[in-house]
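Visitor: Could you take me in for a close look at one part of this structure? I'd like the place where the two chains meet.

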Amino acid sequence: MDNMQKQELASLTLTQAAGLLAKGETSSSELTQLMLERIAASDNNAYITVNAEAMAAAEAADARRRTGQSLSLVDGVPMALKDNFCVRGMKTTCASRMLENFVPPYTAAVAEKLADAGTVLLGKVNMDEFAAGNATDTSYFGPTKNPRDPRRVAGGSSGGSAAAVAEDTAYFTMGSDTGGSVRQPAAFCGVVGLKPTYGRVSRYGVVAFASSLDQVGPLNKTVEDCALTLSLIAGCDPRDASSLPSPVPDYLAGLKGAEGLKGLRVGVPQEYMGPGIQEDIRQNVKKLISDLQAAGALVEECSLPQLEYALGAYYVISSAEFSSNLGRFDGVKYGYRAKGYDGYDDMLRRSRSEAFGDEVKRRILLGTYTLSAGYFDAYYLRAQKARTLIIEDFRRAFGKYDILLTPTAPVTPWLLGTAFADPSQVYAMDMCTVSVNVAGLPAISVPWGVDRDGLPVGVQLIGPALSEDRILQAAHGVEALANSGQIPGQKGGAAHV
Amino acid sequence: MEITKETVLKVAGLAKLNLAEEEAQRLAHEMGKIVGFAGKLAEMDLEGVQPTTHAVKLENVFRADEMQPSYPREEILANGPERDEACFVVPKVVE
């Protein structure tokens with residue numbers, strides 16, 4: 001195979017790779033070997049751990065296919081998991097010194113489902129430490145670089161997941177999303193990222209960040225791949241009591257390109273089109289609005305006034321639950337234990353202080369503060385009440401619109417090592433995504449052109465609970481418009497305003 | 001919203017984290033800024049509003065109380081930083 005053929009094979013979508021495998025034009029061993037070579041050659045630091053058993057798994061998939069015993073359409077396709085998904089016998093670090101050598105005795109439900117479908121696990125990908133961050137720059141194992149411009153951040157916290165898809169070192173990946181951690185890195189790296197409805201996919205075996213907000217979701221090269229991946233992982237799981245018993249629809253059935261946009265009622269919340277949004281991103285969204293209208297969608301500006309409070313509610317709730325979830329790391333049953341301690345309490349303090357990074361400590365402290373006596377009513381309880389109003393705002397909007405359209409992030413990826421005056425400025429970058437988690441809704445980020453520097457821009461489509469089929473259909477339409485060559489800032493596309 | 005260094009040190013004690021003086025000072029400043037977001041919540045009229053703990057409403061989820069196999073002891077102990085054949089070992093906690 002020459003280099004061009006290799007590049008072609010590596011850049012296949014999941015759907016295409018599955019098609020070639022079915023026709024016998026490639027093999028799982030060939031694809032897996034290629035991915036492993038590319039992982040070894042990449043400087044982007046997308047992977048933390050490479051699965052030593054990947055080739056053996058690929059050979060087993062090929063053997064199944066030869067004897068007509070393929071487990072699914074995607075049997076043998078190589079993929080990767082964010083390093084907060086437990087896989088029995090394989091290190092799961094959460095990109096933290098705390099879990100640097102942790103080898104889980106059990107496997108996450110999603111990893112199990114993907115293995116049952118025959119996919120080949122290439123390894124575990126980089127993330128912000130314990131998923132607390134939005135740039136994958138708090139990883140104990142160093143930052144992930146953005147494959148679209150390696151001087152820049154990949155986004156986060158699922159930055160390794162997004163970068164692996166963007167640099168073609170996996171045909172798809174899994175991430176987790178507590179406040180935008182799948183959608184924002186997807187936007188930053190120019191790929192598709194979906195956060196399903198809270199409870200749509202089992203979180204069993206995924207290390208918890210904020211339990212009332214966490215949901216896992218796929219990162220893909222196309223919307224079709226995304227629908228296919230979701231159909232593999234969605235569904236109820238008795239081991240995750242928050243998972244929903246609702247039936248899983250056929251997510252691929254509704255995909256019909258720009259046709260699917262006809263008559264679609266789209267609301268554009270003005271709260272996410274204001275001064276906090278980078279000007280050229282706003283222009284990109286405006287271009288999409290006119291393209292959607294030309295495709296037959298009914299697009300209208302709208303207002304969800306409570307969204308203004310979502311960032312505050314999110315940081316209070318997420319930090320509180322984070323601090324509570326990270327209480328389990330005590331250096332007793334697993335994880336890092338300091339040396340030279342004096343007694344039990346000192347062991348706990350030293351172990352936690354030495355093994356957690358700055359951002360993790362900051363959020364633990366913030367969460368402990370808002371939960372502590374005298375502050376609980378002012379912060380945590382207030383945030384839970386604000387949450388009720390934010391949910392009601394969305395409910396009203398979905399009485400009028402099928403989906404809501406927003407930028408995924410207010411900015412495009414910043415330079416690695418950018419010094420921000422204080423963390424609150426970095427937290428504000430999550431303004432467009434956190435409300436979705438606060439309300440438990442599904443949302444997808446789809447690439448939509450580039451900014452003035454040629455960096456990817458993503459748009460977010462939000463739907464009511466359990467409307468994954470609807471937002472995938474709309475996203476498929478947006479993707480078709482993007483591929484028709486009219487994307488702002490790209491060759492042949494409309495000029496910047 | 002102002003958060004003092006003393007408050008940070010007290011909270012750090014609750015969270016079992018050691019902080020140096022200057023670290024606590026820096027964190028006090030940063031946490032004050034972050035709590036500023038939450039300060040916006042004070043503007044809201046929340047009289048009579050019920051708090052939401054989970055966005056998707058699920059009634060209590062029960063399962064049958066049946067015995068199920070657990071994990072082999074050696075596997076669970078394997079990740080322990082200090083262990084003997086049957087237990088995780090920690091410093092003495094009772095006199």
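Guide: Sure, here is a walk through the interface, with a stop at one arginine afterwards. Keep in mind that this is a predicted model.

Start with the overall picture: 70 residues of chain A are in contact with 52 residues of chain B. Together the two chains bury about 5200 Å², and 68% of that area sits on carbon and sulfur atoms. Charge gets its share too, with five salt bridges found across the interface of chain A and chain B. Have a look at A:Arg88, which forms a salt bridge with B:Glu75; their closest N and O atoms are 2.8 Å apart. Polar contacts across the interface come to 21 residue pairs.

Now, which helices of chain A face chain B? At least two residues each come from α10 (310–325), α11 (344–355), α12 (358–371), α13 (377–400) and α14 (423–427) of chain A. The most comes from α13(A), with eleven residues. Sorted by class, the side of chain A that touches chain B has 37 nonpolar, 18 polar and 15 charged residues.

As for the arginine, A:Arg239 lies in the loop between α8 (223–233) and β9 (265–269) of chain A. A:Arg239 counts as partly exposed because its relative accessibility is 39%, which falls between the 20% and 50% cut-offs. Leaving out residues up to four places away in sequence, A:Arg239 touches A:Ala109, A:Glu112 and A:Tyr204. With A:Glu112 there is a side-chain to side-chain polar contact at 3.0 Å. The C-alpha atoms of A:Arg239 and A:Ala108 are 10.0 Å apart, although 131 residues separate them along the chain.

How values were computed
Residues are numbered from 1 along each chain as its sequence is written. Chains are lettered from A and ligands numbered from 1 in the order in which they are written. This is a predicted model: local features need pLDDT of at least 70, side-chain atom pairs count only at pLDDT 80 or more; totals for chains, interfaces and linings use all residues. Side-chain values use heavy atoms; hydrogens and water are left out. Contact means heavy atoms within 4.5 Å. Buried area is the accessible area (1.4 Å probe) that two parts lose on being put together, summed over both. A salt bridge is a side-chain nitrogen of Lys or Arg within 4 Å of a carboxyl oxygen of Asp or Glu. A polar contact is a pair of N or O atoms within 3.5 Å; within protein, one must be able to donate a hydrogen and the other to accept it, and residues adjacent in sequence count only if both atoms are side-chain atoms. Helices (H or I, at least four residues) and strands (E, at least two) are DSSP runs, numbered from the N terminus. Ala, Val, Leu, Ile, Met, Phe, Trp, Tyr, Cys and Pro count as nonpolar, Asp, Glu, Lys and Arg as charged, and the others, Gly among them, as polar. Buried means under 20% relative accessible area, exposed over 50%, partly exposed in between (1.4 Å probe, protein chains only).
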